[in-house]
Amino acid sequence: MAQALRRIPVARSQADDRYEELKRLLEARRDVLAHEVHGRLRGVRAEHESRPHAGADFGEVADTDMQDDIEFALLEMKAETLNKVHEALTRLEHGRYGHCHDCGDEIAEARLRALPFAVRCTPCETMRERDVLRAQAEFRRGAALFEARG
Ligand SMILES: [Zn+2]
C-alpha cells in the first residue's frame, strides 16, 4: 500500500497536464490516420476483387490505373504522416516532444495543435524565416551586383 502510494505524484504539475494533453492530441490524430489508411487499404482491395478485369477496354483500364496511382500516393502520404505521429509519441514518452529544437523552450500548445510536428517555437521559427529571407535578399543583391559589373 505504501509502495503504491509513493508512485502517485503529490500534486499534478503543469508538465503532467501538458503531457496528457499532447498525448491525447497525437493519439487522436494517430487513430484518425490509422482508420483512414486501413479503411482505404480494405476499400482498394475490395474494388480490385469486384472489378471485372476481363472484357474492360483499354481506356477504362488506364483510367482506373491512374485513379489507383492517385489513391496510392495519398495513402502513402497518410502512412508517412502516421509514422511521424508514432515518432512524435515516442519522443513524447522520452520527454523530447514539444520542445524547441533551437532554444529548448516549450512550444506553445496552440502551435502544436496546428502543426503537431513543429520542431521550433514560434519566435525561433520567425527568426529562422527572417534569416532565410535575409540570406535570399543578400544573395539576390550579390547576383545583381555581379550582373551590373559584368
Ligand atoms: Zn525556440
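**Note on the zinc site and the fold**

1. The donor residues of the zinc ion follow the spacing C-x2-C-x17-C-x2-C in sequence. C100 sits in the loop between α3 (58–93) and α4 (109–114), and C121 in the loop between α4 and α5 (122–149), so this pair ties together parts that are 21 residues apart in sequence. Keep in mind that this is a predicted model.

2. Which atoms bind the zinc ion as protein donors? They are the SG atoms of C100, C103, C121 and C124, lying 2.3 Å from the zinc ion.

3. The geometry comes next. The site of the zinc ion is tetrahedral, with angles of 104 to 114° among its four donor atoms. The ideal angle for four tetrahedral donors is 109.5 degrees.

4. Are C100 and C121 buried or exposed? C100 has a relative accessible area of 4%. The value for C121 is 7%. Both count as buried because the cut-off is under 20%. Across the chain, 18% of the 150 residues count as buried.

5. On secondary structure, the chain has five helices and zero strands. From the N terminus on, the order is α-α-α-α-α. Helix α3 spans 58–93, α4 spans 109–114 and α5 spans 122–149.

6. Contacts and surface complete the picture. Among contacts in the chain with a separation of 6 or more, 56% join residues 24 or more positions apart. The chain exposes about 11,600 Å². Carbon and sulfur atoms supply 57% of that area.

Note on methods:
Residues numbered from 1 in each chain as written. Predicted model: local features only at pLDDT ≥ 70, side-chain atom pairs only at ≥ 80, totals over all residues. Heavy atoms only, no water. Helix = DSSP H or I, 4+ residues; strand = E, 2+ residues; numbered from the N terminus. Buried < 20%, exposed > 50% of the residue type's maximum accessible area, 1.4 Å probe, protein only. Contact = heavy atoms within 4.5 Å. Areas by Shrake-Rupley, 256 points an atom, 1.4 Å probe, with all protein chains shown as cover. Donors = N, O, S within 2.8 Å, 3.2 Å for Na, K, Ca; no water. Tetrahedral: all angles 85-135°; square planar, octahedral: opposite > 155°, others 65-115°.
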